[in-house]
Each structure stands twice: as C-alpha cells, then as structure tokens.
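Trainee: I would like a close look at the salt bridges of this model. Please set out which side chains take part and how they are placed.

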Amino acid sequence: NVRRIQAESFGNRLIASDLRNPDFQKFVESFGALAMRATSPAELRQALRTAFKADVPAVIEIPSGPMPDPWPLLRQPAARGR
C-alpha cells in the first residue's frame, strides 16, 4: 500500500518501500503447522483437500499482485437502514 500510494501521489518517487515478504511456509512450519502455497485454482483445490485431512493446523499461502487502493471504498459513508 505504501509503495502504491507513493507512486500514485508523489509522481513515482519512492522511498523505503521496497519490502520483502518473509518465507511464510517456513514461518508456518516453525509453529508446527502445515504450510502450503497455491498459485492456481487446481493447486488451491488440492491444498484445501490436504488441509482438511491434516491433523494439524494448516495455512495456505495464495500470492497476489498489487491491490487496488482501499481508501475510496473505506471513506464512503455507511449505508443507512441496513
């Protein structure tokens, strides 16, 4: 989010926003849980089957690309009568 905001709001001038994710699979495994990664619907289907059969907690990592700016949606007034 920080990188996207810098790029959109400050003419692509970036500072301190080149962050790297941790190795989520190793992190999950360090707690004794089952770690899987799915990059397609077929892989997700298989990972879910494996997770449901496992006798330990399971985490499925699903990488995603850049996400849209959430602020316009979050700044909308709450709908009344719902």
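Mentor: What follows describes the salt bridges and the residues that form them.

This is a predicted model, in which local features need pLDDT of at least 70 and side-chain atom pairs count only at pLDDT 80 or more, whereas totals for chains, interfaces and linings use all residues. Residues are numbered from 1 along each chain as its sequence is written, and side-chain values use heavy atoms, with hydrogens and water left out.

Side chains of opposite charge can pair when their charged atoms come close. A salt bridge is defined here as a side-chain nitrogen of Lys or Arg within 4 Å of a carboxyl oxygen of Asp or Glu. By this rule the model has 4 salt bridges, among them the Arg3 pair with Asp18 and two that involve Arg4.

Consider Arg3 to begin with. Its side chain meets that of Asp18 at 2.7 Å, N to O. Because Arg3 lies in helix 1 and Asp18 in the loop between helix 1 and helix 2 (24-29), the pair ties together parts that are 15 residues apart in sequence. Helices (H or I, at least four residues) and strands (E, at least two) are DSSP runs, numbered from the N terminus. For accessibility, buried means under 20% relative accessible area, exposed over 50%, and partly exposed in between, with a 1.4 Å probe and protein chains only. Arg3 is therefore partly exposed at 39%, while Asp18, at 59%, is exposed.

Turn now to Arg4, which is buried, with a relative accessible area of 15%. One of its partners is Glu8, with N and O 3.7 Å apart. Arg4 and Glu8 are both in helix 1, and because they are 4 residues apart, about one helical turn separates them. Glu8 counts as exposed, at 54% relative accessibility.

Arg4 also forms a salt bridge with Asp69, where the closest N and O atoms are 3.7 Å apart. This pair links distant parts of the chain, with Arg4 in helix 1 and Asp69 in the loop between strand 2 (58-61) and helix 4, 65 residues apart. Asp69 is partly exposed, at 31% relative accessibility. Through shared partners, the salt bridges join Arg4, Glu8 and Asp69 into one network. Within that network, Arg4 is buried, Asp69 is partly exposed and Glu8 is exposed.
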